[in-house]
Amino acid sequence: LQIEIKKLNGKDIEPSLNSLQINKQYIAYTSEEGLILIHQERAHKRIIFEELKRKMSKKEKISQNLIFPEKLNFNSKDIRLIIDLKEKLNKIGFSFSQIEDNSISISSIPIECDGKNIQAIIESLIEQYKINNILETEESEKLIIHLANSMSISNNKKLSQQEMEELRRKLSKCQQPNTCPQGKKIILNLKKNEIEKYF
């Protein structure tokens, strides 16, 4: 990424627009100085984390309405917990149109949320609440990190050329593009002389 290379070499080097996904885990770009590898899951976590943190700090809208409410099934114990946490879940972008004995109907979700994994995200939030009460402060960094982890793409997701470029573009705009919210490396810059050592 341009930001990473600026920090490493003190000058701009624009990566090529052609990209390659490796093992459904890394995105590879070439530059004039070598090869750039991006960890796709960690990159997406960083993007979501910074976007959620910015919106929550500025009290911006963080939810999107679903065209049709989605019905999710939970056991009665978790339903009672969801009722107790309803106000806190509202503040991070989840709204419920109906709550029944063993199901809830979701009417809105966080903007960054993938509509395909709503159930898994809510289940994960409930489990984390049981463990360490992460929902006690809706703007806590732990909560935002957990949301980013829950909403990010996996390392097994095949990305199109357009999706890879969009990920790179958004990552380049992050304040800290080099590490994920948990401090793990996102970008690896392999220079030509380092690559040549393997041959």
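## A salt bridge in helix α2

Let's start with R46 and E50, whose side chains meet in a salt bridge, with N and O 3.1 Å apart. This is a predicted model, so the distance is a computed one. Both residues sit in helix α2, and because they are 4 residues apart there, about one helical turn separates them. How accessible is R46? At 4% relative accessibility, R46 counts as buried. Its partner E50 has 15% relative accessibility, and since buried means under 20%, E50 counts as buried too.

Helix α2 itself covers residues 40–57 and lies across β1, β2 and β3. Against β3 (34–39), the helix runs at about 65°. So the R46 and E50 pair belongs to a helix that lies across three of the strands we come to below.

## Two more pairs, in helix α7

A search of the whole structure turns up 6 salt bridges. Two others to look at are in helix α7, which spans residues 161–172. One of them links R168 to E165, and the closest N and O atoms are 3.3 Å apart. The two residues are 3 apart in helix α7, about one turn of the helix. Their side chains are also joined by a polar contact of 3.3 Å. Is this pair buried or exposed? R168 is buried, with a relative accessible area of 12%, and E165 counts as buried at 16%.

The other pair is E166 and R169, with the closest N and O atoms 2.7 Å apart. They are 3 residues apart in helix α7, so about one helical turn lies between them. Here the accessibility picture reads another way: E166 is partly exposed, with a relative accessible area of 31%, and R169 counts as partly exposed at 32%. Which residues are joined into one network? Salt bridges that share partners tie E166, R169 and K170 together.

## The four-strand sheet

Now for the strands. Four of them form an open sheet in the order β1-β2-β3-β7, and the pairing is antiparallel. Why is one side of β1 and of β7 left without a neighbour in the sheet? β1 (19–22) and β7 (187–191) stand at the edges with a single partner strand each, so there is no neighbour on one side. Going across the sheet, neighbouring strands are turned by 25° against each other on average, direction ignored.

If you'd like to follow one pairing on screen, try β1 with β2. Strand β2 takes in residues 26–31, and the two strands pair in the antiparallel sense over 4 bridges. One place to look is I22, which stands opposite Y26 in β2.

## The three-strand sheet

There is also an open sheet of 3 strands, in the order β4-β6-β5, with antiparallel pairing. Which strands are at its edges? They are β4 (63–73) and β5 (95–99), each pairing on one side only. From one strand to the next, the twist averages 20°.

For a closer look at this sheet, take β5 and β6. Strand β6 covers residues 103–110, and 4 bridges join it to β5, with the two running antiparallel. Within that pairing, F96 has I106 in β6 as its bridge partner.

## Cysteines

How many disulfides does a search of the whole structure find? The count is 0. As a reminder, a disulfide is a covalent bond between the sulfur atoms of two cysteines.

Two cysteines are worth a click anyway. C174 is buried, with a relative accessible area of 7%. C180 is buried as well, and its relative accessible area is 3%.

## The whole protein

Stepping back, the protein has 8 helices and 7 strands. Among its 199 residues, 43% are buried. R46, E50, R168 and E165 count among the buried ones, and so do C174 and C180.

What about residues that meet from far along the sequence? Take the contacts between residues at least 6 apart in sequence: 67% of them join residues at least 24 apart.

How values were computed:
Residues are numbered from 1 along each chain as its sequence is written. This is a predicted model: local features need pLDDT of at least 70, side-chain atom pairs count only at pLDDT 80 or more; totals for chains, interfaces and linings use all residues. Side-chain values use heavy atoms; hydrogens and water are left out. Two strands pair if DSSP finds at least two bridges between them. Axes are lines fitted to C-alpha atoms, for helices over the stretch in contact, and angles run from 0 to 180 degrees between N-to-C directions. Contact means heavy atoms within 4.5 Å. A polar contact is a pair of N or O atoms within 3.5 Å; within protein, one must be able to donate a hydrogen and the other to accept it, and residues adjacent in sequence count only if both atoms are side-chain atoms. A disulfide is a pair of cysteine sulfur atoms within 2.5 Å. Buried means under 20% relative accessible area, exposed over 50%, partly exposed in between (1.4 Å probe, protein chains only). A salt bridge is a side-chain nitrogen of Lys or Arg within 4 Å of a carboxyl oxygen of Asp or Glu.
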